[in-house]
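Colleague: I should be grateful for a close look at a single part of this model. Please choose one helix, describe it with care, and then set it in the context of its chain and of the complex.

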Amino acid sequence: MTVPMTVLERRYRRMLVVLPKWYRAEREDEMVAAFLEDVDQDPDADVRHDFGWPGWGEFGSVVALSARTRWPGRTGSPRALVKGEVVRLIGLIGLLLASASALNQWLSRIAPELYAIHYIGADGYMGAYQGPIPVIWDWRFVLDAFLDGAAVLALLALLFGAWRLAKAGAAVLLLTLLAFMADDLAGEEFVLVNAFLFHLICALYALCVLVGFHSDVEPVKPKWWLVALVGIAALWMSLGWTTFLMIDVYVLVGAVAYVIVHQRRLWRAPATGLLAVAAVCALMALERLAWMTAHLLYGDLVSLAFAVAQVAVLVVMALWLRAQAVKVLPPEARSPLSVAS
Amino acid sequence: MYSGRVASETMNEQTFLVLTVLAEETLHGYAIVRAVGELTEDRVRLRVGTLYGVLDRLVASGLVEHDRDEVHQGRLRRYYRLTNEGARALHAEIARLESNARAAATRLRAWGFEGGPA
């Protein structure tokens, strides 16, 4: 005999939509049964069935389960494990970029003479150094400093294996970026549209950290040389922002170097690395695309040509890296769970 | 940077409790939630999403397996049972916890504390 569906059951089933389709096909009915049997023990069960909501605690546990099943660390099909690894790598690369940007900001205040050769202004144009950067104590400046600190904290926490702290840092990053994005949308200046896109991409990186790292993933064992290496990489990139060699150039040089190594069969990167770098290239191309329209608007044809070339190479790289990764991806399993076997 | 290897088996409290209640009998989802609550006097209250995260890991690592399906009052009850490997893992964890507890008790006595819990 089929029990008629109550309001609570309908709401709980709607909540389970956050889980992957294959997971729901396997687990939905037993999860619903377990939840409803628990509710049945409540003295107010009738009221809860007619008017109740499963609650934020249940919702949180289902969202966490969704992240663990979509981007697993050890439970899942080989293809799902690759997806999890890619999301974590994208998050790590994003944190590295954000930390480099933070170092850049701090260095510009601590050692402004480093910026004596070339300085990239807030408008994206390079020019001679004009003296100390004025400190403006508006809320955006304070939030920006907060953003930088959270990015460095999250990266260090991940490198030291403290993923819960890293997730807290990523959550702070995400909330701060959302505040920026809301403000960007309110602005009328064209530069704010670009800023919105930039903040959106940063928010995606933070989201990758939030959903990719969980209790199913092995924590990184702290290694000082690794932290030092990442620190040097971030410092190098941050200094790069003070010269003509912007971050995209490093990505391009690295990608082209890999194409040569790949074609000569010297080394083949794993599918996870290829897909993560492909995604980062695509995101960078998207960001550059917004600047391209700004150059077009201001009639700066040299910068426009440079930006077009950057976007084109980044898109080609992203597509090529993805194509190489697809060749070595493990096959998709019907269902990563084997519960009903 | 990130090693990406599969997590080494470190048993958290929720996993330990689920294995413990399954050591007594085969149980379905809600029965596991209830049994864990009774075992811990409601100190640990498993959410359904949390329970299935634990069960997924245990099934994937072969410590627990599907036993049978039943329909009770129109609702699906899927039963799980402990495997031999699961029993061995639970036994190893008990030994580890006992060893830790013995070491703690010995040091407390050496420190001069003889009383039990308040």
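Modeller: I begin with chain A as a whole, in which 36% of the 341 residues count as buried. This is a predicted model, and the predictor gives the complex an ipTM of 0.84 and a pTM of 0.79. The secondary structure of chain A consists of twelve helices and two strands. Along the sequence these elements follow the order α-α-α-α-α-β-β-α-α-α-α-α-α-α. Among the contacts in chain A with a separation of 6 or more, 74% are between residues 24 or more positions apart.

The part I have chosen is helix α2 of chain A, which runs over residues 21-40 and has 20 residues. From its first C-alpha to its last, α2(A) reaches 27 Å, close to the 28 Å expected at 1.5 Å a residue. The helix nevertheless has a kink of about 60 degrees, and this kink is centred on A:R27. A:R27 is also one of the buried residues of α2(A). The others are A:Y23, A:E26, A:E30, A:M31, A:A33, A:A34, A:F35, A:L36, A:E37 and A:D38.

What covers these buried residues comes from both chains. From chain A, the cover includes α1 (7-15) and α4 (56-70). From chain B, it includes α2 (29-39), α3 (48-60) and β3 (75-82). As to confidence in that partner, chain B averages a pLDDT of 87, with 88% of the residues scoring at least 70. Over residues 1-8 of chain B, however, the pLDDT is below 50, and this stretch has 19 contacts in the model beyond near neighbours in sequence.

For context further along chain A, an unreviewed UniProt entry annotates "transmembrane region" over residues 86-107, 141-161, 168-186, 192-213, 225-247, 267-286 and 298-321. Two of these spans may be compared with the model. Residues 141-161 of chain A are 90% helix and 0% strand, with end C-alpha atoms 30 Å apart. Residues 168-186 of chain A are 100% helix and 0% strand, and their end C-alpha atoms lie 28 Å apart.

A last example is A:L97, which is found in helix α5 (residues 78-110) of chain A. A:L97 counts as buried because 22 other C-beta atoms lie within 10 Å. A:L97 and A:A234 are 137 residues apart in sequence, yet their C-alpha atoms are 7.2 Å apart in space.

Methods
Residues numbered from 1 in each chain as written. Chains lettered and ligands numbered in written order. Predicted model: local features only at pLDDT ≥ 70, side-chain atom pairs only at ≥ 80, totals over all residues. Helix = DSSP H or I, 4+ residues; strand = E, 2+ residues; numbered from the N terminus. Expected span 1.5 Å × (residues − 1). Bend = angle between axes of the 7 residues up to and from the residue. Buried ≥ 20, exposed ≤ 12 C-beta atoms within 10 Å, placed from the backbone. Contact = placed C-beta atoms within 7 Å. pLDDT = per-residue confidence, 0-100. UniProt positions renumbered as here; feature names shortened; annotations may be inferred.
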